[in-house]
Amino acid sequence: MTEYKQDSPLLLGVIGDPIHHSKSPAMHGAALAALGIAGAYVPMHVKPEALEAAVQGIRALGFRGINVTIPHKVAVMPFLDRLDESARDAGAVNTIVNDNGILTGFNTDGIGYVRSLKAEAAPDLRGARILVLGAGGAAKGIVTALLREQPGGVVIANRTSDKARELAEACQGKGVVAGIGQAEIADAVQQADIVINTTSVGMYPHIDDTPMDTQLLRPGMIVSDLIYNPLRTRLLLESLERGCMIHGGLGMFVNQGAYALEYWTGLPAPTDVMRRIILESLGGN
Ligand code: NAP
């Protein structure tokens with residue numbers, strides 16, 4: 001990646017379908033202001049059929065960086081010039097860096113999540129036995145990033161059990177990983193130190209849903225949820241009542257954005273400002 005030198009406004013943005021709900025523009029806008037960088041971060045509604053043209057537009061318009069969100073994280077990959085190892089491992093791209101027309105795809109979701117988990121709940125993951133609920137796009141990046149921390153083992157449980165087994169298979173050689181179906185969660189929890197929800201179950205507006213029976217949890221376990229709206233999901237609230245340590249998805253969101261901003265600018269991201277703006281926009285719910 002070439003070093004970024006500002007001789008014109010820094011153009012950044014996010015593409016997705018839909019995009020109006022994204023909190024990235026507010027977060028990155030505040031970060032640019034805090035860094036004293038002249039520029040803008042704009043939300044762009046890109047339909048799947050316009051994705052290739054939109055990627056061409058990054059080069060044509062001189063955008064330095066783009067975040068990619070649902071449903072484009074996988075579909076965007078063939079249109080890029082290079083893929084960082086993080087994107088190849090996760091099989092998805094959430095950040096694009098434009099170096100003079102050369103577009104490189106990164107995935108900062110996994111490293112953003114692990115940075116947050118270590119900072120807020122589990123400083124050392126070596127030897128930890130981890131149960132991951134869900135095997136979707138977010139789980140892919142997270143499992144790979146977790147395996148770099150040398151955990152004792154990772155078990156992936158998913159409603160569609162084949163997807164859990166496929167993800168476990170794809171991770172062979174990187175650590176001890178197994179894939180199971182939802183019916184086997186009760187047994188798997190008994191062997192786990194950390195439970196991580198990567199499913200969308202419990203996300204606003206379906207806040208009364210929970211991805212597992214929390215009666216299975218033991219005091220002292222760490223329970224983590226990628227969801228940050230609400231900040232405390234039903235899973236986390238019930239885990240707290242069971243005596244577990246809880247960790248929500250806000251730190252992951254801030255850190256995935258912080259890594260992206262650092263790739264685009266080469267400057268340390270103002271994570272306190274970024275966190276504050278998201279908390280304000282969520283209105284404490
Ligand atoms: P995704 O690719 O659509 O995957 C969704 C996952 O949830 C799949 O494993 C799916 O299981 C499971 N699931 C959905 N509904 C279910 C239900 N009713 N019962 C059981 N399992 C169900 O989505 P994703 O991109 O991985 O995102 C997942 C969650 O992570 C979302 O809530 C998202 O907001 C959150 N996330 C947070 C951050 C952050 O920065 N904090 C970043 C990325 C994602 P099947 O395979 O069986 O369908």
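The exchange below concerns charged and aromatic side-chain contacts in a predicted model.

Reader: What makes R64 and D99 a salt bridge?
Author: The closest N and O atoms of R64 and D99 are 2.8 Å apart, and because a side-chain nitrogen of Arg has to lie within 4 Å of a carboxyl oxygen of Asp, the pair qualifies. R64 sits in the loop between α2 (51-61) and β3 (65-68), while D99 belongs to strand β5 (residues 95-99), so that the contact links distant parts of the chain, 35 residues apart. Both R64 and D99 are buried, and by this rule the count comes to 13 salt bridges.

Reader: How do you know that R148 and D89 form a salt bridge, and which parts of the chain does the pair tie together?
Author: The side chains of R148 and D89 meet at 3.0 Å, N to O, which satisfies the cut-off of within 4 Å. R148 lies in the loop between α5 (137-147) and β8 (153-158) and D89 in helix α3 (residues 85-90), so the parts tied together are 59 residues apart in sequence. D89 and R148 are also linked with K174 in a network of salt bridges.

Reader: Why is R126 called exposed, whereas D124 is called partly exposed?
Author: R126 has a relative accessible area of 57%, and exposed means over 50%, so R126 is placed in that class. D124 has a relative accessible area of 45%, which falls between the limits of 20% and 50% and therefore counts as partly exposed. The side chains of D124 and R126 meet in a salt bridge, at 3.0 Å from N to O.

Reader: Why is the pair of Y41 and W264 called tilted?
Author: The ring centres of Y41 and W264 are 6.3 Å apart and the planes stand at 50°; because rings pair within 6.5 Å, and planes neither under 30 degrees nor over 60 degrees apart count as tilted, the name follows. Y41 lies in strand β2 (residues 39-45) and W264 in helix α9 (residues 250-265), so this pair ties together parts that are 223 residues apart in sequence.

Reader: What makes F106 buried but Y263 partly exposed?
Author: F106 has a relative accessible area of 7%, and buried means under 20%, so F106 meets that condition. Y263, at 23% relative accessibility, counts as partly exposed.

Reader: How do you know that R115 lies over the face of Y259?
Author: R115 is 4.1 Å from the ring centre of Y259 and lies over its face, and the distance condition is met because the limit is within 6 Å.

How values were computed: Residues numbered from 1 in each chain as written. Predicted model: local features only at pLDDT ≥ 70, side-chain atom pairs only at ≥ 80, totals over all residues. Heavy atoms only, no water. Helix = DSSP H or I, 4+ residues; strand = E, 2+ residues; numbered from the N terminus. Buried < 20%, exposed > 50% of the residue type's maximum accessible area, 1.4 Å probe, protein only. Phe/Tyr/Trp six-rings, centres within 6.5 Å; stacked < 30°, edge-to-face > 60°. Lys NZ or Arg CZ within 6 Å of the ring centre and 35° of its normal.
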